[in-house]
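Take a look at the chain shown here. Turn it around slowly before reading on.

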Amino acid sequence: MWSAAWVIAGAVAWPCSADVFKYVDKDGNVYFSDEPLSGSHLRLEWKRTSKRLVAENKEQSAALRQRQEEAMARVEAKLNVGSLSVTAARPAAPVSGSMSVRRARYQDLIEANAARYNLSPALLHAVIRTESAYQANAQSHAGACGLMQLMPGTAARFRVSNIWDPAENIRGGSAYLRFLLDHFDGDLRLALAGYNAGEGAVKKFNNQIPPYRETQNYVRKVLRHLAAERLAHRS
């Protein structure tokens, strides 16, 4: 019998001829099996062929990617016309001086994690520039650490073994950003607000940027740096 998590993630290579059964018990627990199950506590919710289930998972994944791309396009359109209320501001100055030296030091790690988590390298640069100005030993008064200013709890959540190691720190921060973008259906503003204040704070305010000055300034600053990154890349 397969676990629900494997089926949802689409990570199982289903046998071509197998049927898949989904059962729900009286407590709402879900069971997936490749053979019929018995028991008065179980209710058959559906039966699928493995081929059909794989096709449905692919369709759902494609639909999610499309929603994320459409959301990103809407954010970019608003940035281009300068109408995004929380982010309308002058472009950030280009990276220069000692910061450019630090930036180059972590370029490969940033690009590798951007590819790993399907993120824009420009977005990771914008977050790191905002969070730490590429200083690997940065620490906030609240206890956030490293290049991407991970809180210890967030580091543990994304299995960062050494919060001060640049490779681990960037990987953990990238994983968290990917989670937030998926969680908020590709809405970059909400993902950034969640990165700063926690996804719980965003949900508390009905999936809006929380009315915290720090968080609103943070979102504005990251998107300003992101616009500068993209302008530099096009130049």
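The paragraphs below go from the whole chain to helix pairs and then to single residues.

Begin with the big picture. This is a predicted model. The protein has 10 helices and 3 strands. What order do the elements follow from the N terminus on? A helix comes at the start, three strands come next, and the elements after them are helices through to the end of the run. In symbols, that is α-β-β-β-α-α-α-α-α-α-α-α-α.

Now think about inside and outside. The protein has 235 residues, and 44% of them count as buried. The exposed surface comes to about 13100 Å². Carbon and sulfur atoms supply 51% of that surface.

Contacts tell us how the chain folds back on itself. Take the contacts between residues at least 6 apart in sequence. Of these, 46% join residues at least 24 apart.

Next, look at a pair of helices. Helix 4 covers residues 107-116, and helix 5 covers residues 121-132. Their axes lie 8 Å apart. The packing angle is about 125°. Are the two helices parallel or oblique to each other? Angles from 115 to 145 degrees fall in the oblique range, so helix 4 and helix 5 are oblique to each other. Their crossing is right-handed. Which residues make the contact? Helix 4 brings Gln 107, Ile 110, Asn 113 and Ala 114. Helix 5 brings Pro 121, Leu 124, His 125 and Ile 128. Sorted by class, this contact of helix 4 with helix 5 holds 5 nonpolar residues, 3 polar ones and no charged ones.

Stay with helix 5 for a moment. Ser 132 is found in this helix. Is Ser 132 buried or exposed? Its relative accessibility is 5%. Buried means under 20%, so Ser 132 counts as buried. What does Ser 132 touch, leaving aside its neighbours within four places in sequence? The partners are Ala 138, Gly 146 and Leu 147.

Move along to a second pair. Helix 7 spans residues 166-183, and helix 8 spans residues 188-197. They pack at an angle of about 130°, with their axes 8 Å apart. That angle makes helix 7 oblique to helix 8. Helix 7 passes helix 8 in a right-handed crossing. From helix 7, the contact uses Gly 173, Tyr 176, Leu 177, Leu 180 and Leu 181. From helix 8, it uses Leu 188, Ala 191, Leu 192, Gly 194 and Tyr 195. By class, the contact of helix 7 with helix 8 has 8 nonpolar residues, 2 polar residues and no charged ones.

Now find Lys 203. It sits in helix 9, residues 199-204. Its relative accessibility is 44%, so Lys 203 counts as partly exposed. Set aside its neighbours within four places in sequence, and Lys 203 is in contact with His 183 and Phe 184. Lys 203 and Leu 190 are 13 residues apart along the chain. Their C-alpha atoms are separated by 9.5 Å.

Finish among the strands. Strand 2 is 30-33 and strand 3 is 42-49. Where is Asp 34? Asp 34 lies in the loop between these two strands. Its relative accessible area is 38%, so Asp 34 is partly exposed. Asp 34 and Phe 21 are 13 residues apart in sequence. In space, C-alpha to C-alpha, Asp 34 and Phe 21 are 6.2 Å apart.

Terms used:
Residues are numbered from 1 along each chain as its sequence is written. This is a predicted model: local features need pLDDT of at least 70, side-chain atom pairs count only at pLDDT 80 or more; totals for chains, interfaces and linings use all residues. Side-chain values use heavy atoms; hydrogens and water are left out. Helices (H or I, at least four residues) and strands (E, at least two) are DSSP runs, numbered from the N terminus. Buried means under 20% relative accessible area, exposed over 50%, partly exposed in between (1.4 Å probe, protein chains only). Contact means heavy atoms within 4.5 Å. Accessible areas come from the Shrake-Rupley method with a 1.4 Å probe; for residues, only the protein chains shown count as cover. Axes are lines fitted to C-alpha atoms, for helices over the stretch in contact, and angles run from 0 to 180 degrees between N-to-C directions. Angles under 35 degrees count as roughly parallel, over 145 as roughly antiparallel, 65 to 115 as roughly perpendicular and the rest as oblique. A crossing is left-handed if the near helix is turned anticlockwise from the far one by less than a right angle, and right-handed if clockwise. Ala, Val, Leu, Ile, Met, Phe, Trp, Tyr, Cys and Pro count as nonpolar, Asp, Glu, Lys and Arg as charged, and the others, Gly among them, as polar.
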